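Colleague: Could you take me slowly through one part of this model, explaining each term as you use it?

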Amino acid sequence: MTEVHVSVRNLVEFILRSGDIDNRKGRARDNAMQEGGRIHRMIQRRMGSSYHAEVALRYTADMEEYSIVVEGRADGIIIEETGEVSAVPELSTVEIKPAYTDLVTVTVDEIKGTYREIHKIREAVPVHLAQAKCYAAIYGIQNRLRRIRVRMTYCNMETEELKYFHFEYDVRELQNWFLDLIQEYKKWADFQFQWEKTRTASIKELKFPFPYREGQKDLVTYVYRTIYHKRKLFVEAPTGVGKTISTLFPAVKAMGEGMGDKIFYLTAKTITRTVAENTIVLMREKGLKLKSVVLTARDKICFMEESQCNPDFCPYARGHFDRVNEALYDMLTHTDNYSRGEIESYARKHQVCPFEFCLDMSLFADVVIGDYNYLFDPHVYLKRFFAEGVQENYIFLIDEAHNLVERGREMYSAALIKEDFLAMKRLCKEYSTRICHQLDRCNKELLALKRNCAGYRYEDESSIAAFVRALNSLSSAIDDYLDDHEESPVKAELTEFYFRVSHFLMIHEDLDEHYEIYTKLDEEGNFRIRLFCVNPGKKLAECMQRGRSSILFSATLLPIQYYKKLLGAEEKDYEVYARSIFEPEKRGLFIASDVTSRYKRRSEEEYYKIASYIHRIITGKRGNYMAFFPSYAFMNQVLDQYEQHFATEDGAECLKQEEYMNEESREGFLTRFEEEKESGHAHTLIGFCVLGGIFSEGIDLKNDSLIGAVIVGTGLPLVCSEREILKNYFEKQGDDGFDYAYRYPGMNKVLQAAGRVIRTAEDIGIVALLDDRFLTETYLRMFPREWKTFERVSLQQIEKKISDVWEEKRWRSPEIQVIEN
């Protein structure tokens with residue numbers, strides 16, 4: 001029989017919610033009441049043999065045509081004997097033999113961690129208790145108990161102090177309450193059952209929407225087989241392979257075969273989310289019935305000028321939960337594409353919070369499109385899908401996966417600055433002597449660390465233990481103050497500071513061998529303490545274990561073993577390389593042998609030579625070009641030389657990337673390239689940009705919108721304390737530390753910038769690498785396969801070589817080959 005699944009958490013929150021959205025205590029306080037894994041394990045270990053931890057529970061309710069399956073995991077079930085010991089000889093398992101039900105008492109334990117002082121918790125939170133009652137009902141029904149107990153266990157995350165709330169229920173009454181919840185959910189389950197039948201039938205009929213290029217069907221097959229075998233696949237897929245359709249299509253097909261209940265398409269950039277959304281629209285046009293949602297950040301989608309989530313301030317927060325289910329059903333039954341525009345339209349119609357409404361729509365979407373955060377970030381991840389801590393039948397498609405390394409490091413790292421504690425003391429001195437006292441304690445401990453630090457210094461958990469203890473006390477003081485002073489003039493600043501403190505404490509709880517702790521005195525004189533996640537692979541892998549299979553793909557995933565190590569690959573996982581569909585002759589690749597961006601060679605003469613290269617490259621053909629530089633300072637030096645000596649002769653218009661550009665100015669920058677193409681290239685346009693910046697990745701200038709890229713330097717990150725810590729860490733692991741900290745990240749930036757030129761099979765363009773280091777064996781080994789043919793040039797040769805490219809007429813048909821490494 002067909003099953004419709006719902007977690008205990010979602011059942012309770014979906015049916016029992018009502019009233020306002022009220023997040024006035026801030027984002028940090030949303031995370032204060034959490035299911036902390038450490039706290040759970042600590043409490044569970046303290047219990048005796050009668051305590052059974054992490055008990056999976058499942059209840060199936062027959063609805064004639066289908067079944068509703070309610071499932072979850074109880075933190076603990078306590079089975080204690082009440083009769084003669086000899087009368088109940090077999091109580092080592094969680095299941096109770098029917099003959100013994102009257103000889104035992106059963107208590108369902110629900111554990112919640114909190115940063116609040118325990119004495120201030122006066123009653124169990126209703127939604128927490130309802131969740132525990134569901135577990136108790138399932139267990140009581142299945143074991144034919146007459147009565148069952150519930151214990152709500154609250155534990156202070158800092159002091160580990162416990163507080164219990166005890167309840168006892170008649171199982172028959174609890175069963176009726178539980179079945180009423182399921183009956184209320186039936187309306188939604190009915191819709192889901194009918195929709196899944198419609199969706200599956202359409203998937204069976206769905207054909208690949210394009211003629212397969214050579215090898216593309218193999219790539220689709222690799223993705224499908226990876227999902228079938230419940231593994232991860234790392235795909236190096238150069239631009240033009242069609243990686244979005246080649247991953248989404250087989251994932252949808254797998255869903256049709258029951259190998260995926262939901263697909264999560266995750267990426268770092270808005271433009272790639274748009275591509276995924278458009279690909280689903282394309283498949284819908286071919287007959288696919290599929291519901292998709294695009295998740296948008298709260299600050300971007302909020303209707304109010306300031307995102308406060310305060311019912312006194314926001315009419316969409318006031319009474320949101322009383323109206324949202326009607327809004328959900330309205331949207332469910334009228335459209336399949338839950339785009340940002342559609343979400344905003346229905347949110348205004350029903351006067352609900354668009355952000356919360358969007359998250360609720362994800363419960364009914366077959367494909368969820370959004371940022372990496374929604375799976376990987378410890379604060380932002382979607383608890384409605386991933387909080388149970390069990391593996392679900394989800395498929396994760398992770399686009400531009402090379403970005404996930406640095407994003408992962410940031411998500412799982414934390415830092416605090418000594419000077420911020422002093423600033424907070426000045427801010428709070430009129431409002432809370434307790435907070436000021438704890439700020440003084442923290443500052444004193446940081447001062448002791450600062451005295452021993454010159455430049456940067458490695459620390460360990462013992463050397464920062466006193467500071468962490470002071471920080472825990474400070475966290476409690478702020479938490480209590482925010483509880484009692486909702487209208488405080490310093491609430492906003494204090495809440496934001498509390499968030500940073502809470503994040504630091506959370507990361508500290510989970511430190512392991514993949515972290516380095518260091519203190520640093522920076523150039524501005526600020527002293528900071530940093531918990532640095534040098535290798536996020538373990539954390540990322542744990543997140544991906546929440547699903548059935550993960551497909552990680554990028555145009556620049558080289559060297560593959562480097563990325564596999566840092567992105568959480570296991571030995572059994574797969575890798576595949578998709579060759580470019582472009583004919584090598586359609587791209588001229590040139591490497592300069594007589595110029596460099598090395599720091600010791602930087603001079604007016606070298607800047608002039610690079611400007612000369614740009615001049616001679618663009619002489620061969622009018623059009624749009626981009627030049628990428630290792631820094632803004634370097635870019636400005638070359639731009640000055642070019643404008644002084646060559647711009648008038650070339651008749652070129654120069655655009656410069658500024659250090660801080662808002663969305664409007666970014667769009668204006670890119671629009672000039674499209675406008676120039678439409679004008680027929682009356683003159684040449686050159687964009688002067690920074691390597692690794694906003695225009696070197698994720699932009700899609702097709703056809704003649706961009707015909708050439710000049711890349712100055714190898715993209716090496718600047719030498720700094722954090723890069724040196726990375727270098728030292730990986731050297732201790734037996735790897736080449738310089739490669740891991742500098743060379744590989746730099747080469748990725750180069751490959752991304754070069755990838756801006758050839759975007760379609762019809763494109764023709766040139767890429768010039770202006771640094772003689774590219775000619776060394778170290779760099780040549782890192783070249784992608786489609787770069788194996790290149791020309792070594794000098795300043796005297798480049799103009800003639802470029803002219804030859806534009807005169808070449810022998811273009812062959814595009815091909816693609818996919819091979820497994």
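Modeller: What follows is a close look at one loop residue, with a second loop residue set beside it. This is a predicted model, in which local features need pLDDT of at least 70 and side-chain atom pairs count only at pLDDT 80 or more, while totals for chains, interfaces and linings use all residues. Residues are numbered from 1 along each chain as its sequence is written, and side-chain values use heavy atoms, with hydrogens and water left out.

Gln 351 sits in the loop that joins helix H11 (340-350) to helix H12 (354-361), where helices (H or I, at least four residues) and strands (E, at least two) are DSSP runs numbered from the N terminus. Gln 351 counts as partly exposed because its relative accessibility is 35%, and that class lies between buried, under 20%, and exposed, over 50% (1.4 Å probe, protein chains only). Leaving aside residues up to four places away in sequence, Gln 351 touches Pro 315, Tyr 316 and Arg 323, a contact being heavy atoms within 4.5 Å. Arg 434 is 83 residues from Gln 351 along the chain, and their C-alpha atoms are 42 Å apart.

Beside this, take Asp 522, which lies in the loop between strand S15 (515-521) and strand S16 (527-533). Asp 522 is buried, because its relative accessible area is 10%. The side chain of Asp 522 reaches two backbone nitrogens, that of Glu 524 at 3.0 Å and that of Asn 526 at 2.8 Å.

Key: Polar contact = N/O pair within 3.5 Å; in protein donor to acceptor, adjacent residues only side chain to side chain.
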